[in-house]
Amino acid sequence: MAEVDFQSLVESNLMSSGEFTNAIIIGHDGERWASSDDLTSMPTTERKGLASLWNNKALSRRNGFSVLGKKYTCKTIDDDNLVGAGSEGLVVGYKSEEAITLGVVTKGQPQGLATIQIVGLGEYFKQNGY
């Protein structure tokens, strides 16, 4: 596995794009690997809840999820991808072999560009064993 600076990827690949208000990379166990400043305080229960979304997709679609206490409806979830919608905007996510990358899309920004960035980073992680 190639050594990766996850914090740098959050800052340079996601946050600097202007597409996201927040971004986080967590392990499948919900542990934080790297995040934007606002998400360093994300409660463990929320991170673990996000990590478990893929365990029961039907339940995830029904119950949705929260990011920093803000509720999102789970619009799309498949083996890799997640899209959630809420009053604050969208959350897009991608699950790779060991990591989950999530970005809160800046309200008013198109989902497409944000999804391309999240999926691109997730695919990079897959190629590198993460």
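**Exercise 1.** Find the residue that follows helix 4 and state the sign of its phi.

*Solution.* Helix 4 is followed by Gly129, whose phi is positive, near 80 degrees. Helices here are DSSP runs of H or I with at least four residues, strands are runs of E with at least two, and both are numbered from the N terminus. The model is predicted, so local features need pLDDT of at least 70 and side-chain atom pairs pLDDT 80 or more, while totals for chains, interfaces and linings use all residues. Residues are numbered from 1 along each chain as its sequence is written, and side-chain values use heavy atoms, without hydrogens and water.

**Exercise 2.** Compare the expected span of helix 4 with the distance between its end C-alpha atoms.

*Solution.* Helix 4 covers residues 111-127, which is 17 residues. The expected span is 1.5 Å times one less than the number of residues. This gives 24 Å, and the end C-alpha atoms are 24 Å apart, in agreement.

**Exercise 3.** Determine how the buried residues of helix 4 are arranged and what they pack against.

*Solution.* Take buried as under 20% relative accessible area, exposed as over 50% and partly exposed as in between (1.4 Å probe, protein chains only). Ala114, Ile118, Leu121, Gly122 and Phe125 are buried in helix 4. Down the helix axis, the buried residues fall within an arc of 100 degrees (directions from the axis to the C-beta atoms), so they line one face of helix 4. Ile116 and Gln127, on the other side, are exposed. The buried residues pack (heavy atoms within 4.5 Å) against helix 1 (6-14), strand 1, strand 6 (89-95) and strand 7 (99-105).
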